[in-house]
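Here is a friendly walk through one protein model, sheet by sheet and helix by helix. Please keep the 3D view open as you read.

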Amino acid sequence: MELFMKYPIEVQQELFNNLIIKAKNTEWGKKYDYHSIKNYDEYINRVPLQSYESLKDQIIRIKQGEQNLLWPTAIKWFAKSSGTTTGKSKFIPVSKESLVDCHYKGGKDLLAIYHNNHPATKLVLGKVLVVGGSCEINSFSNNSFYGDLSAIIMKNFPMWVEQRRVPKLAIAIMDNWEEKIEKMAHATVHEDVSNISGVPSWTMFLLNRILEIYSKNNILEIWPNLELFMHGGVNFSPYKEQFKKLIPGNQMNYYENYNASEGFFGLQDQSRVEEMLLMLDYGIFYEFIEKNEIDKPFPKTITLTDVQLKKNYAMVISTNAGLWRYVIGDTVEFTSLSPFRIKVTGRINQYINAFGEELIIENVESALFKTCLATESIVEEFTVAPKFFIDKSTGKHQWLIEFKKSPKNIDYFSTILDEELKQLNSDYEAKRFNSMILSKPEITELASGTFYKWMKNNNQLGGQHKIPRLSNDSSYVDDLMQMV
């Protein structure tokens with residue numbers, strides 16, 4: 001890690017060259033004549049930016065048994081990913097190299113960093129509870145399999161890891177999420193769990209169920225040696241206060257990782273600092289698109305050499321699983337250039353710009369966090385969408401919120417939230433001027449369990465499925481309100 005932190009550009013350049021050489025004899029490499037590519041400029045002029053749809057035909061062929069299309073070694077695993085609760089499933093190819101040199105390497109590096117930052121830790125004496133997804137056999141071929149990334153990782157864990165993981169694999173990769181939660185609760189309660197790995201929302205659901213079953217006040221009464229939660233997938237801020245109530249005291253540490261179906265990109269390398277080190281030697285070559293370029297027909301891409309602080313970038317990756325110039329849909333901001341550290345700011349398609357307000361997920365989650373502090377409330381889940389007035393040129397934002405602890409006054413909550421959003425986003429503030437275009441946010445409080453019921457109705461429980469936080473239309477909100 002110290003090597004790529006000291007020589008980031010050189011490490012990325014060497015990795016780029018190795019990827020091109022490795023894939024030059026694949027069908028893709030021959031199509032774009034990888035054999036003659038000598039530098040980055042030739043690469044971007046020859047290979048267009050890719051989306052899942054543009055690679056879908058090749059991925060289907062690999063699922064059906066063809067090989068050496070996008071990557072030279074055999075692809076037998078596919079990470080099922082949707083990104084949102086109603087999005088269509090994507091099947092991301094996972095090579096042996098991406099498992100070993102990317103996903104597993106990320107897990108080992110995170111543990112190494114944790115031990116380096118906490119030399120007195122007794123983490124390895126306990127067991128790790130992995131709150132992961134499901135895994136199914138792919139019907140396209142007897143030799144190809146698919147499932148949530150976490151399930152694929154667990155299915156291929158080396159023996160030394162598997163001995164320390166709970167619950168048993170048969171329970172950990174179950175499809176039926178409600179049955180799985182019950183079995184996980186009963187199977188792990190008597191284990192000495194020292195660390196947990198998972199998505200905050202579903203991990204919190206499991207921990208609450210354990211407390212309910214065993215009539216305990218907090219999780220340390222079940223697992224007194226619990227000291228680490230390795231989380232990722234969604235912003236942790238909305239869940240932080242809830243976890244503090246579930247796990248009181250100062251012994252608990254929270255470390256974030258940026259591990260998607262497409263690759264392991266970053267991890268928190270400093271204790272109690274909410275930014276992640278961009279991992280540059282995991283078989284992934286990075287490019288970036290500035291926010292104002294994203295919607296152009298041919299957006300300009302840059303490498304790490306040209307990125308700047310405090311700018312919003314869409315991330316583009318070329319990987320050791322055969323994803324070439326692939327736009328993953330996430331946006332990041334650099335918090336440091338030496339070394340390169342980032343924070344995830346949202347998704348390209350998760351924003352609200354119905355009235356020119358340019359509201360991104362980072363604004364929303366930051367404003368909500370500050371509003372909860374000011375009103376002594378706790379939000380469990382939420383979604384936001386525009387609500388248009390009759391002339392369609394004016395309207396407001398409609399917030400559907402499940403509170404763990406409701407504010408005493410919803411109108412005051414809305415006022416504080418509105419002010420916080422104005423402070424964070426000048427476009428929003430301008431559209432709110434005299435309520436000429438945007439009116440004050442409308443808050444609708446939902447009963448506890450509403451989002452869970454909605455996800456269940458959409459067959460989207462567990463795994464990597466997430467509540468869509470922001471939408472540029474009202475389809476999610478309308479569907480929820482209709483169910484209510």
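## Strand 14 and its two hairpins

Strand 14 and strand 15 (residues 340-347) pair in the antiparallel sense, with 7 bridges between them. The two strands form a hairpin with 2 residues between them, and D330 has R347 of strand 15 as its bridge partner. Before going further, please note that this is a predicted model.

Strand 14 also has a partner in strand 13 (residues 312-319): the two run antiparallel and are joined by 5 bridges. Here I317 is bridged to Y326 of strand 14. Strand 13 and strand 14 make a hairpin too, with 6 residues between them, and G322 in that turn shows a positive phi of about 90°. How much of strand 14 (residues 326-337) is covered? Mostly: 9 of its 12 residues are buried.

## The sheet of 11 strands

These hairpins belong to an open sheet of 11 strands with mixed pairing, in the order 6-3-7-8-9-10-11-15-14-13-12. Its edge strands are strand 6 (165-166) and strand 12 (284-290), each of which pairs on one side only. On the other side of strand 15 in this order comes strand 11. Strand 11 (residues 276-278) and strand 15 pair in the antiparallel sense over 2 bridges, and M276 has I342 of strand 15 as its bridge partner.

Helix 2 (residues 8-22) packs on this sheet, where it touches strand 12, strand 13 and strand 15; the direction of helix 2 makes about 110° with that of strand 12. Another helix to look for is helix 10 (residues 177-188), which lies across strand 3 (127-131), strand 6 and strand 7 (193-198) and runs at about 170° to strand 3.

## A buried asparagine in strand 9

Strand 9 (residues 253-260) holds N257. Is N257 buried or exposed? N257 has a relative accessible area of 13%, which is under the 20% cut-off, so this residue is buried. Leaving aside neighbours within four places in sequence, N257 is in contact with L110, M230, H231, G232, F264, G266, L267 and M276. One of these, M276, is the residue whose bridge partner in strand 15 is I342.

## The sheet of 3 strands

A second sheet to find in the view is an open one of 3 strands, in the order 18-19-20, with mixed pairing. Strand 18 and strand 20 are the edge strands, each pairing on one side only. On average, neighbouring strands of this sheet are turned by 25° against each other, direction ignored. Strand 18 and strand 19 pair in the antiparallel sense over 10 bridges, and P386 stands opposite H397 in strand 19. Helix 12 (residues 237-246) packs on the sheet and touches strand 18 and strand 19; its direction makes about 160° with that of strand 18.

At one edge, strand 20 (residues 442-446) contains T444. With a relative accessibility of 17%, T444 counts as buried. Apart from neighbours within four places in sequence, T444 is in contact with Q398, W399, L400, I401 and M481.

## Helix 16 meets helix 17

Two packed helices are described by the angle between their axes and the distance between the axes. For helix 16 (residues 450-457) and helix 17 (residues 475-483), the axes come within 11 Å and cross at roughly 105°. The two helices are therefore roughly perpendicular to each other. Helix 16 contributes T450, F451, K453, W454 and N457 to the contact, and helix 17 contributes Y476, D479, L480 and M483. By class, this contact has 5 nonpolar, 2 polar and 2 charged residues.

Which residues of helix 17 are buried? Y476, V477 and L480 are buried in helix 17. Seen down the helix axis, the buried residues of helix 17 fall within an arc of 95°, so they line one face of the helix. They pack against strand 18 (378-388), strand 19 (395-405) and helix 16, which ties this helix pair to the sheet described above.

N457 has its place in helix 16. N457 is exposed, with a relative accessible area of 53%. From N457 to N312, the C-alpha atoms are 35 Å apart in space, and the two residues are 145 apart in sequence.

Notes. Residues numbered from 1 in each chain as written. Predicted model: local features only at pLDDT ≥ 70, side-chain atom pairs only at ≥ 80, totals over all residues. Heavy atoms only, no water. Axes fitted to C-alpha atoms, helices over the stretch in contact; angles between N-to-C directions. Helix = DSSP H or I, 4+ residues; strand = E, 2+ residues; numbered from the N terminus. Parallel < 35°, antiparallel > 145°, perpendicular 65-115°, else oblique. Contact = heavy atoms within 4.5 Å. Nonpolar A, V, L, I, M, F, W, Y, C, P; charged D, E, K, R; others polar. Buried < 20%, exposed > 50% of the residue type's maximum accessible area, 1.4 Å probe, protein only. Arc of directions from axis to C-beta. Pairing = 2+ DSSP bridges.
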